Each structure stands twice: as structure tokens, then as C-alpha cells.
Amino acid sequence: MTQYQRNIYQCTIEEEDISSDKLLTLVSYNILSASSSKPQFFKTVDIQHLYWNNRKDKILADILQHQPDIISLQEVDKYRMFFYPSLNEQGYDSSYIQRPTKLDGCATFYNRNKYYQIGCIDVQFNDISELVNDDASMKKRVTTHNVGHVLALSELEDDAQIVFVANCHLHWVPGEEDVRTFQIKYLLQKISELHQSLGLKLGRQPIFITGDFNASPEKKPIRLLQKKGFKHAYYEYLNVFEDSVSMYTVPYSAYIDYIFANNKAEVKEVMDLPAISQLEHEVGTSLPSHRFGSDHLSILARYRLFQ
């Protein structure tokens, strides 16, 4: 069987030398927590592909393949035991936030030889319940125990070059786009608050919003970010390769993972994504597999930064 190879897809044709430009490479990846990779949830997957010890090295190799500057991970429940020591050894510092009632959370890593952290704000999406007035039903629905955080990173070689990176894992229940939209609005509020705390004007620096949004591109949370001036890295790619997915399971396969950027960054390249037909041919009906360590696929984007 011919194994599908993931390659770099060039989004723009360069008409000038960009070797002196500031470039930044990000990876976002829902790595499938060890606490969630249970046989009852993946009935068509070989149980050997669900064991953490069989998945972890595949996941790490996938993350590090193109030596990203910033890594946003979701469903991380092996932060202290695996990801922190493994990526610290590779030159990354990090921040982590755990969900209030679960074992997993979001972890963001950054290359310490390029960036240092100047600010961080945790995002507890349960706090939205305090903003929906006296609507008891909505208070219950927005109490989803999801989390995220926003980091402000400064370049070691240029203190004036600051980037903001948000990492989040949004509510998963199908059809509840209103809850996910609340969460996006709240995340944008937290990004603004971090700017204010640092005395920076919103929109003057590159802002990246990454994570598992549990929403396909036509859904309201994604449209909201686009209306706010953010563009996701795979926008053009998905217009060309419409059947590409970032999550492949039974019974649900879709593109739901994102790297968004404001107008202070221009996407140059992305890592390509397999089509459903390619995954059906190589792995059958569901991930993870002998090759891919999660039910999601990592996404990668390389940007040129504007100040």
C-alpha cells in the first residue's frame, strides 16, 4: 500500500526575495488525550493504536517535523509526564491550563531561542455563565468546562516585535453554535484585556488564534472571526481541496481545527491535509492509526509578519 505523504503547500507565489522578512511557523494539534482514547469511543480502531505508549512518539515526531516556532496543543493530559520534558529538551518553553473538571487542557510551547513570554491570561469559558444575566438554561449550557489561554511573546532579537497567540478548545456538542460563538466572543475579550494590561493598542501586533473549534468553516463562530478581520490559514487551501479534513472518525469527519491571524501576518505555506478518500484507503474508517497518533491531524502554517 502506498502511504500518503504530507507535504508543504505554497499559498502564495513569491515575486520578491523574502529571506530578510520575519517568518513564524505555527502548529496546532488536538493530540487526543490518553483519558479519551478508550476502545468504547473508537470501536473500529485497532486497540493497539489507542495505547498512549504507541501514540506518543508519533505525535511528537509530527509536531517537530518542521521545527515550528510556536506549538498549540489541545487535549493535553500528559503535560508534566511527557510534553513538557520532551519539548523542553528540544528548546521550548511553555504555558499550560487544565480544564476544571477534566484531566486534560491546552498547552502552548514557544521556541525559547526566538521568543520569551511577556504576558499570559488564562481563559475559563465557564466564566461566561456570569455574563448571561438570569437565564438559568443558558447559564447551564455555557458551563462546558472548556479552557484556553492567550500568550504575549516578544522576540529576543527585537523587543518591538510582539506576537499574541491564543490557544483554545471549544465546546464539542453538535448544533450548539451559539455556545461556541459565546466562547469566541469571550476569547476576543481576553485578547483585548491582555493588550490593555501591557499598554498595547489592539491590532498593532500580529494576533494568532489557534485550536480545536469543533466547528466547520461555514459555521457562525468561524464567520464571526472572519467578520472581525481574522483569516484562517487553510482558507485558500480548502477552496482548492474541498474534501480535506482535520478530524477523521466514525461517524464524524470534518475540518474543525484552525490557525487564524489578523492582518499583521500573511500566510505563505501550510501543511497539506489528506482527503477523506485517501484516509479511507490508508487507515480505514477512523483515526488514530499505525501512522497518525490522534483522531485529529496536525495543522501547520508559516507566516510573514508585519509590524
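These are my notebook entries on a predicted model, taken feature by feature.

**Entry 1, surface charge.** I looked for charged groups on the surface and found a patch of positive charge in which Lys-185, Lys-219, Lys-220, Arg-223, Lys-227 and Lys-228 gather. I then asked which element gives the most to this positive patch. The answer is helix H5, residues 220-227, which supplies three residues. I picked out Lys-227, which is found in helix H5, and checked its cover: with a relative accessibility of 71%, Lys-227 counts as exposed, because the cut-off for that class is over 50%. As a reminder to myself on helices, I note that an α-helix has 3.6 residues a turn, so residues three or four places apart point the same way.

**Entry 2, helix H4.** I compared the length of helix H4, residues 177-197, with what its residue count should give. Its 21 residues, at 1.5 Å a residue, should span 30 Å, and the C-alpha atoms at its two ends are 30 Å apart, so the two values agree. Going on along the chain, I found that Gly-199, just after H4, takes a positive phi of about 70°.

**Entry 3, cis peptide bonds.** I went through omega and noted a cis peptide bond joining Val-250 and Pro-251, where omega is about 5°. Pro-251 is found in the loop between strand S11 (247-248) and strand S12 (253-254). I also noted that the peptide bond from Leu-287 to Pro-288 is cis, its omega being near 0°. For Pro-288 the setting is the loop between helix H7 (276-283) and strand S15 (299-305).

**Entry 4, positive phi in residues other than glycine.** I turned to Leu-32, which has a positive phi of about 65° although it is not a glycine. Leu-32 lies in the loop between strand S2 (23-30) and helix H1 (52-64). Is Leu-32 buried or exposed? I found its relative accessibility to be 2%, and Leu-32 therefore counts as buried, the limit being under 20%.

I then looked up His-145, a residue other than glycine whose phi is positive, near 65°. This histidine, His-145, is found in the loop between helix H3 (136-142) and strand S7 (147-155). Its relative accessible area is 25%, so I entered His-145 as partly exposed. Setting the two loop residues side by side, I have Leu-32 as buried and His-145 as partly exposed.

Definitions and conventions. Residues numbered from 1 in each chain as written. Predicted model: local features only at pLDDT ≥ 70, side-chain atom pairs only at ≥ 80, totals over all residues. Heavy atoms only, no water. Patch = residues over 30% accessible without salt bridge, like charges linked within 9 Å, V, L, I, M, F, W, Y side chains within 5 Å. Areas by Shrake-Rupley, 256 points an atom, 1.4 Å probe, with all protein chains shown as cover. Salt bridge = Lys/Arg side-chain N within 4 Å of Asp/Glu carboxyl O. Lys, Arg positive; Asp, Glu negative; His and termini not counted. Charge placed at Lys NZ, Arg CZ, Asp CG, Glu CD. Buried < 20%, exposed > 50% of the residue type's maximum accessible area, 1.4 Å probe, protein only. Expected span 1.5 Å × (residues − 1).
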